[in-house]
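I opened this model to look up how its strands pair and which residues are shielded from solvent. The entries below follow the order of my queries.

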Amino acid sequence: MALNSVSRQIFAMGGGGFSMEPETLLLDRYILGLSKKEKPKVCFLPTASGDSDKYIVRFYSTYINLPCQPSHLSLFLPHTADLKSFILDQDIIYVGGGNTKSLIALWREWGLDKILQAAWENGVILTGLSAGSICWFEQGVTDSMPGQLTVLQCLGLLKGSNCPHYDGEPERRPAYHRLLSQGLINPGYAADDGVGLHFVDNKLENIVSSRPFAKAYQLAKLDGTVTETVLEPIYLGKDT
């Protein structure tokens, strides 16, 4: 059970959102809709990109025009020493893409991993794409290290593993299958670009997409064979 009967929500995107689909913002509007507030406080965490100035500007240029109160938190130029109070005061935490290994290391060094877990347990909605999707699971398929895709141990708020960009990067699917078949990664979920997995209290409650043909997948290992089950999302756009 969630603490104080508060729903613990995570919206994990394979790809998409304002940085990849600025012309639609279907996933961004869905994220804002998860909050019951008219103008929720949305904090952007650009840690995985090394707190890229361009990424931060892109976030503000988008979210300043949406019904919310945008802010960001840089660990290279923090504006407060009280990270916990700042994070717990937010309604939504949006984690950008980039290097997941570096993100996890920095978060743990700053104690942000524990702060984000506390925020989640208190009803703050956690979301993000790519690195901002992988980070919430026990494990992720990552390209953080040059060369072959590898397994990364993550925060473990969600059970199992995660692989983003399933259709956007051709090496993702064979790598996930290989890691599963070798017993190097736990069963889990993959998501195409434009697909979001909405978890409530550790249960997958909804799957949505900003692209009409994008899919999600559940992967497992049965009798030594990797199985991949297609999970059809709800398309958020208008069919033509």
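**Entry 1: strand 5 and its partners.** I looked up the pairing of strand 4 (residues 92-95) in this predicted model. Strand 4 runs parallel to strand 5, and four bridges join the two. Within this pair, I93 stands opposite L126 of strand 5. I then queried strand 1 (residues 9-13), which is likewise joined to strand 5 by four bridges, again in parallel. Here M13 has L129 of strand 5 as its bridge partner.

I next asked how many residues of strand 5 are buried. Five of the five residues, 125-129, are buried, so strand 5 is largely enclosed by the rest of the structure. In a regular strand, side chains alternate between the two faces of the sheet. I therefore checked each side of strand 5 separately: I125, T127 and L129 are buried on one side, and L126 and G128 are buried on the other. Both faces are thus covered.

**Entry 2: S35.** I located S35 in the loop between helix 1 (26-34) and strand 2 (41-45). S35 has a relative accessible area of 11% and is buried, because the cut-off for that class is under 20%. The side chain of S35 reaches the backbone nitrogen of K37 at 3.2 Å. Beyond its neighbours within four places in sequence, S35 is in contact with P40, D91, I92 and I125; I125 is one of the buried residues of strand 5.

**Entry 3: the open sheet.** I retrieved an open sheet of six strands with mixed pairing, in the order 7-6-8-9-12-13. Strand 7 (150-153) and strand 13 (225-231) stand at the edges with a single partner strand each, so one side of each has no neighbour in the sheet. From one strand to the next the twist averages 25°. Strand 9 (residues 188-191) and strand 12 (residues 216-222) run antiparallel and are joined by four bridges, with L219 of strand 12 as the bridge partner of G188.

I then looked up the helices on this sheet. Helix 4 (residues 100-110) packs on the sheet and touches strand 6 and strand 7, its direction making about 15° with that of strand 7. Helix 7 (residues 172-181) also packs on the sheet; the strands it touches include strand 8 (158-163) and strand 12, and its direction makes about 25° with that of strand 12.

**Entry 4: Q139.** I found Q139 in strand 6 (residues 137-142). Is Q139 buried or exposed? Q139 counts as buried, at 7% relative accessibility. A polar atom of the Q139 side chain lies 2.8 Å from the backbone nitrogen of N186. Contacts of Q139 beyond four places in sequence include V151, C154, S161 and L184.

Note on methods
Residues are numbered from 1 along each chain as its sequence is written. This is a predicted model: local features need pLDDT of at least 70, side-chain atom pairs count only at pLDDT 80 or more; totals for chains, interfaces and linings use all residues. Side-chain values use heavy atoms; hydrogens and water are left out. Buried means under 20% relative accessible area, exposed over 50%, partly exposed in between (1.4 Å probe, protein chains only). Two strands pair if DSSP finds at least two bridges between them. A polar contact is a pair of N or O atoms within 3.5 Å; within protein, one must be able to donate a hydrogen and the other to accept it, and residues adjacent in sequence count only if both atoms are side-chain atoms. Contact means heavy atoms within 4.5 Å. Axes are lines fitted to C-alpha atoms, for helices over the stretch in contact, and angles run from 0 to 180 degrees between N-to-C directions.
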